[in-house]
Amino acid sequence: MRTFKVLGVFVSLLSIFALASCGGGGSTPINSGQKMGSIFTMGTDNPPLPSVLSVQVQVTSITLSDGTTTVNLLNGAQTVDFAKLNGLRSLLDLNDVPAGSYNSATIMVGGVTIGFLDTTQTPPALNTLTATVAPMSVTVSLAKPLALADQDLVGFFMDLDLHQSIGTDANGNITGNFTPTFDVRAISVDDADAFIDDFYAGVISVNPAGNQFTIQGPHGRQFTVDTDANTEFDDPSVMPSSFDTNTIVEVSGKLNRVTRDIVASEVEVVSKDHFIIEGLDTFVQNTNGQASQINLYARAELPNLAGAPLGQIDPIALNGSEKYLIANVSTPLTALLFGPSSQLAGQRIVVGGKLDTTVNPPALNVHRVVLERQGQRGTWVVGSTQIQSGNAGTFTFNDNYIAGVLLPKPLTIISTNFTNFINLSGLSDLSGAQPIPLRIVGFILLDPATNSPVMVARTIEKLTN
């Protein structure tokens, strides 16, 4: 059976948990013929302090126990940036483990490095500190046992609450103390937490007749992606039949319970030329009203780029010839809300292009600049909802994520009749006398009427825990 693992804290981990097939020190050995299930690992987040860009945590082991049997989900220590996911859920891994009913999880943590954005400088700079961790081992009981039957598919959700874990003083300043605080639970493959908001991978092969293609994700694991008439493609002129081994895609969807394929709801081509970098735009340098450089905090990249290291703010040069797109919106944009004259600090961006290997390290020649949806958590501002018709309207939102220090606060949210509502019947439910905790997934765009950033929501979820 397969379990999927969900990490609930910023983990856009295209390099996180390499879940082993229950090997590793301290775990129960697998017997020949033993019934097996599977764990697929995903990630989401619980927001840290608004200025925190990264929380690099060395996770030395994660074990599940049923009281007598333990299984180790890690094949050696892994360093995980728990401030990566930016409110999104990402597939991290998929592995086989022995069937059983597991009622507790023990997570062991090593060193922790916290990176935060200093907005008192222009452009903003990244500062880091090494945290003091205590305790280094945390055991958490599952309120409902994780029941893993033979050949089934279930999920393990692990949420590191960064806001509770990062120590602060009475004035809200980071002290450097780190107390790992986890929430763990089992989830079904059909749960909202099992939806994959984005998963970056390189294309390995294509099966046009079967409407499938194969991608290689973290740790070299390959996944088959199924598409059908309901799958949205960001650019209808670039379909799977034209994919090759230089193609890098972002896939959204869910795992198939039986085949373990990713059933894609959306497929976006982020590069046809071999490299991508995904991250948060922290500063835009303009020349004659056009973006000539962006300072991108790099959260993910394919392949590993010596000239643009992960976990750093990397300057990305632009020359005006780039193609601008909004992810999963098929119309190329060179003006209006997103283009060379309307890029904004606080946007989640992917740049893709060709590597110039005639120099060392290879230079990045950007061909595409793609505005990605991003997730934000915070609270609805009481009395701010304005409904135009149906679910079309606006409200304001106090953003608790890192983008919140780069964007207006409160931030105007635009809802449409295509916005998906979770735990809400619609926009009219945003009412009452108390703030409502929300997770919003959408696009940060420039409103030409006000010349201010707004967020166009694709999903608005009322948080219930």
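**Salt bridges, strands and backbone exceptions**

Me: How many salt bridges are counted in this predicted model, and what rule underlies the count?
Reply: The count comes to seven salt bridges. The rule asks for a side-chain nitrogen of Lys or Arg within 4 Å of a carboxyl oxygen of Asp or Glu.

Me: Why are D183 and R185 called a salt bridge?
Reply: The N to O distance between the side chains of D183 and R185 is 3.0 Å. The cut-off is within 4 Å, so the pair qualifies. Side chains of opposite charge can pair when their charged atoms come close.

Me: What makes D183 and R185 partly exposed rather than buried or exposed?
Reply: D183 has a relative accessibility of 34%, and R185 has 22%. Buried requires under 20% and exposed requires over 50%, so both values fall in between and D183 and R185 count as partly exposed.

Me: How do you know that E266 and R373 form a salt bridge, and where in the chain do the two residues lie?
Reply: The side chains of E266 and R373 meet with an N to O distance of 2.8 Å, which satisfies the limit of within 4 Å. The pair links distant parts of the chain: E266 belongs to strand β20 (residues 262-271), while R373 sits in the loop between β26 (363-371) and β27 (374-380), 107 residues apart. Both E266 and R373 are buried.

Me: Which residue other than R373 forms a salt bridge with E266, and what supports that assignment?
Reply: R458 does, with its closest N and O atoms to E266 being 2.4 Å apart; that distance is within 4 Å, so the definition is met. R458 lies in strand β33 (residues 452-462) and E266 in strand β20, so this salt bridge ties together parts that are 192 residues apart in sequence.

Me: Why do E266 and R458 receive their respective exposure labels?
Reply: E266 has a relative accessible area of 7%, which is under 20%, so E266 is buried. R458 has a relative accessible area of 24%, which lies between 20% and 50%, so R458 is partly exposed.

Me: Which residues are linked in a network of salt bridges?
Reply: The network links D152, D190 and R257.

Me: What makes β23 and β24 edge strands of their sheet?
Reply: The sheet is open and holds six strands in the order β23-β22-β21-β25-β26-β24, with mixed pairing. β23 (313-317) and β24 (323-326) each have a single partner strand, so one side of each is left without a neighbour in the sheet. Neighbouring strands are turned by 45° against each other on average, direction ignored.

Me: How do you know that β21 pairs with β25, and that β22 pairs with β23?
Reply: Pairing requires at least two bridges. Seven bridges join β21 (residues 274-287) to β25 (residues 348-356), and these strands run antiparallel. F275 stands opposite G353 in β25. Five bridges join β22 (residues 290-302) to β23, also an antiparallel pair, and I294 has I316 in β23 as its bridge partner.

Me: Which residues of β23 form its covered face, and which its uncovered face?
Reply: D314 and I316 form the covered face, whereas I313, P315 and A317 form the uncovered one. In a regular strand the side chains alternate between the two faces of the sheet.

Me: Why is T396 called buried?
Reply: T396, in strand β29 (residues 392-399), has a relative accessibility of 19%; the limit is under 20%, so T396 counts as buried. Its contacts, not counting residues up to four places away in sequence, are T379, W380, V381, S384, P410, L411 and T412.

Me: What are the omega values of the cis peptide bonds at P135 and P303?
Reply: Omega is about -5° for the bond joining A134 and P135, and about -15° for the bond joining L302 and P303. P135 lies in the loop between β9 (132-133) and β10 (137-148), and P303 in the loop between β22 and β23. Most peptide bonds are trans.

Me: What is notable about phi in R260 and N451, and are these residues buried or exposed?
Reply: Phi is positive in both, near 70° for R260 and near 60° for N451. Most residues other than glycine have a negative phi. R260 is placed in the loop between β19 (248-255) and β20; its relative accessibility of 9% is under 20%, so R260 counts as buried. N451 is placed in the loop between β32 (437-447) and β33; its 57% is over 50%, so N451 counts as exposed.

Technical notes
Residues are numbered from 1 along each chain as its sequence is written. This is a predicted model: local features need pLDDT of at least 70, side-chain atom pairs count only at pLDDT 80 or more; totals for chains, interfaces and linings use all residues. Side-chain values use heavy atoms; hydrogens and water are left out. Buried means under 20% relative accessible area, exposed over 50%, partly exposed in between (1.4 Å probe, protein chains only). Helices (H or I, at least four residues) and strands (E, at least two) are DSSP runs, numbered from the N terminus. Axes are lines fitted to C-alpha atoms, for helices over the stretch in contact, and angles run from 0 to 180 degrees between N-to-C directions. Contact means heavy atoms within 4.5 Å.
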